[in-house]
Amino acid sequence: MRATGPAAFPYRLARHELRLWASLWLWAARRTHDSAAGGAAFGYARGQGAMMFGLAFVCVVESVTMSVLLRDWPAAHHVVLVLDVYTVVMVVGLHAASVVRPHVLDAAAGTLRVRRALHVDVRIPLERIASVRRELRTTHTPADGELDLAVGSQTSVTVELTEPVAHLSFFGRRREVRVVRCHADDPGAFVRAVELAREGHAVP
């Protein structure tokens, strides 16, 4: 049974950690998560790779600096080293999660699965899509009924719905959304594939 209320937070945190390590394993094995069985996968992580690895490099530099500063306090040094290594793993793991969890268009099942790393996984029935278009946005103002999944501070695809779909946040908060904005490495191919699937054609 799924935990609810305040007791759900430790459960969600533990699940997040397990998925993070699973993402690292999938990335190392050059595999993806739930996207091989008949669906077309569309990546979105290319635009954030340099930033994420730059952040990881900064964390490594900080770890080396702290090791030098705390060399005379071995207990503190060991604690800080563990935290620094964990931070680097977290940063790399989040990027890995974005790589191994692409958007998935399953024309046979009639669904578009829009994802962002470990935190967002929204299934949109194709019959609820009113329009899908390329639309580059670099600023996003929060609004009711809208879900913005920016990567590298930008979205490149906008999906408008005829009926809302449910989105559950990391903390379990449910939202009904009618507009989903996301990023794709090749937004043109993404939009064309969705339009073909909506018209009942095979997706290349």
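Two strands are said to pair if DSSP finds at least two bridges between them, and the helices and strands themselves are DSSP runs, numbered from the N terminus (H or I and at least four residues for a helix, E and at least two for a strand). In that sense β1 and strand β2, which covers residues 103-106, pair in the antiparallel sense over three bridges, and within this pairing A40 stands opposite L105 in β2.

The model in which these strands appear is predicted, so that local features need pLDDT of at least 70 and side-chain atom pairs count only at pLDDT 80 or more, whereas totals for chains, interfaces and linings use all residues. Residues are numbered from 1 along each chain as its sequence is written, and side-chain values use heavy atoms, with hydrogens and water left out.

Seen as a whole, the protein chain has four helices and eight strands, and from the N terminus on its elements run α-β-α-α-β-β-β-β-β-β-β-α. Its C-alpha atoms fill a box of roughly 70 × 35 × 35 Å, taken along the principal axes. Of the 204 residues in the protein chain, 39% are buried, where buried means under 20% relative accessible area, exposed means over 50%, and partly exposed lies in between (1.4 Å probe, protein chains only). If one takes the contacts with a separation of 6 or more, 66% of them are between residues 24 or more positions apart, a contact being heavy atoms within 4.5 Å.

Consider next the helical part of the chain. The UniProt annotation "transmembrane region", from an unreviewed entry, covers residues 50-70 and 76-97; UniProt positions are given in the numbering used here, feature names are shortened, and annotations may be inferred rather than shown by experiment. Residues 50-70 are 95% helix and 0% strand, and the end C-alpha atoms of this span lie 30 Å apart. Residues 76-97 are 100% helix and 0% strand, with end C-alpha atoms 31 Å apart.

Helix α3, residues 74-100, allows a check on length: with 27 residues at 1.5 Å a residue it should span 39 Å, and its end C-alpha atoms are 38 Å apart, which agrees. The expected span used here is 1.5 Å times one less than the number of residues in the helix. The buried residues of α3 include H77, D84, V88 and M90, as well as H95 and V100.

We can now return to the strands with which we began. Four strands form an open sheet in the order β1-β2-β3-β4, and the pairing is antiparallel. The edge strands are β1 (40-42) and β4, each of which pairs on one side only. Neighbouring strands of this sheet are turned by 15° against each other on average, direction ignored; for such angles, axes are lines fitted to C-alpha atoms, for helices over the stretch in contact, and the angles run from 0 to 180 degrees between N-to-C directions. Strand β3 (residues 111-116) and strand β4 (residues 120-125) run antiparallel and are joined by six bridges, and the bridge partner of L112 in β4 is I124. In the hairpin of β3 and β4 there are three residues between the strands, and A117 takes a positive phi near 50°.

One residue of this sheet deserves a closer look, namely H103, whose place is in strand β2. Is H103 buried or exposed? H103 is buried, with a relative accessible area of 1%. Leaving aside residues up to four places away in sequence, H103 touches residues that include A40, F42, R115, C182 and F190. The side chain of H103 also reaches the backbone nitrogen of R115 at 3.1 Å.

A further open sheet of four strands has the order β5-β7-β8-β6, with mixed pairing. Its edge strands are β5 (129-137) and β6 (146-148), each pairing on one side only, and the twist averages 35° from one strand to the next. β5 and strand β7 (residues 155-168) pair in the antiparallel sense over six bridges; in β7, I129 stands opposite L161, and the bridge partner of R134 is V157. β7 and β8 run antiparallel and are joined by eight bridges, with L168 opposite R174 in β8. These two strands form a hairpin with five residues between them, and G172 in the turn has a positive phi of about 90°.

Finally, helix α4 brings both sheets into one picture. Helix α4 (residues 187-198) lies across β1, β2 and β3, running at about 25° to β2, and α4 also lies across β5, β7 and β8 (174-182), where it runs at about 175° to β5.

Note on methods:
Polar contact = N/O pair within 3.5 Å; in protein donor to acceptor, adjacent residues only side chain to side chain.
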